[in-house]
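Here's a walk through a single protein chain, with a few backbone oddities along the way. Have the viewer open while you read.

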Amino acid sequence: MKDILVTCPPMLGQFDLFVDFAAERGLRLHRANVTQVMTEDELCETLPNYDGWIIGDDPATRRVFETAQGGRLTAAVKWGIGVDNVDFAACKDLGIPIINTPMMFGAEVADVATGFVLGLARELFLIDRGVRAGNWPKPAGISLTGRRAGVIGLGDIGRNTVQRLQALGLTVVAYDPGVAGDAGFSGLERAAWPEAVEDLDFLVFTCALNQHNFHMLNAEVLAKCKPGVRVVNVARGPLIDEAALIAALQSGQVHSAALDVFEDEPLPMNSPLRDMERCIFGSHNGSNTIDAVIRASHEAIDRLANFLK
């Protein structure tokens, strides 16, 4: 039986569902004591005791893999889609087989993105907080039909988001240099980032993070945006220069933002974002449904079992 460390929070949330499934494949799962991520030092101390690793958003660096390989670690799987936290080049150099689990929950994350768009348009969360506090707020929102949304990233999440936003009556402008044409959508407009941002009512980030798009939404781009633009991010925090976003929220250039991800997670208690009343915050939880977690976790276990045979 191979010992596997699990550090992925959504999988840990349903951990007991996967113990027998893994055991049938010769794997013994072990829970990590983690809220969001383990530190490099914690991983270096812990991982050498395990044969495999199911990775969350932890710093899966060269140092971590070299130290773990000095012990028992021989294979790993990145749970989920995003791989910006994993040094795949180091794994290749070290001969450690590794893979992620793509195409697992595009629909689930797109549901959250769409909910955020609706919530910002009608200030639903602000109303909820007001009623709970004993008030009876009636903010005037904006109608979605005829509005324009930029979707940045046309992968699995992005395509599902386009589908949902078009169904709500929005015109969608898509940004993704890796996908040509209309991607099979009638009426989809295309542009190269940051063209046409001055015409958009919503910016919805659904793309992977890489060296080319770090802080792609920065002070310069925000200054070009339509005054009162609403920003949604269900992808990765560092796509947005958080300091620039805070300044734009304070000035009113950005009306509000809905963020499931942040540059630092969990969101620091002293972040000025916490003072932005109209904003909506998540906990990097967009993929976390019972169904999607089971689907992705089974895939991760199967892939790791194949590596360790």
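**A walk through the fold**

Let's begin with one residue: Ala183 counts as partly exposed because its relative accessibility is 28%, and that label covers the range between buried (under 20% relative accessible area) and exposed (over 50%), worked out with a 1.4 Å probe and protein chains only. The backbone at Ala183 is worth a look too, since phi there is near 55°, a positive value in a residue other than glycine. You'll find Ala183 in the loop between strand S7 (171–175) and S8.

Before going on, some ground rules. This is a predicted model, where local features need pLDDT of at least 70 and side-chain atom pairs count only at pLDDT 80 or more, while totals for chains, interfaces and linings use all residues. Residues are numbered from 1 along each chain as its sequence is written, and side-chain values use heavy atoms, leaving out hydrogens and water.

Now zoom out. The protein chain has 11 helices and 12 strands; these are DSSP runs numbered from the N terminus, with helices being H or I of at least four residues and strands E of at least two. Its radius of gyration, taken over C-alpha atoms, is 21 Å, close to the 19 Å from the globule rule (2.2 Å times the number of residues to the power 0.38) for 309 residues, so the chain is as compact as a globular protein of that length. Along the principal axes, the C-alpha atoms fill a box of roughly 60 × 50 × 35 Å.

What about the inside? Buried residues make up 51% of the 309 in the protein chain. Take the contacts (heavy atoms within 4.5 Å) with a separation of 6 or more: 62% of them come from residues 24 or more positions apart.

On the outside, the protein chain exposes about 13900 Å², with carbon and sulfur atoms supplying 51% of it (Shrake-Rupley method, 1.4 Å probe). As for charge, there are 27 positive side chains (Lys and Arg) and 39 negative ones (Asp and Glu), with His and the chain ends not counted. The centres of the two sets lie 4 Å apart, placing each charge at NZ of Lys, CZ of Arg, CG of Asp or CD of Glu.

Back to the backbone. Which residues does a cis peptide bond join with omega about 0°? They are Trp193 and Pro194, and Pro194 sits in the loop between strand S8 (189–190) and strand S9 (202–205). The bond from Glu265 to Pro266 is also cis, with omega near -5°; look for Pro266 in the loop between strand S11 (254–259) and strand S12 (280–281). Finally, His284 has a positive phi near 50°, in the loop between S12 and helix H11 (290–308).
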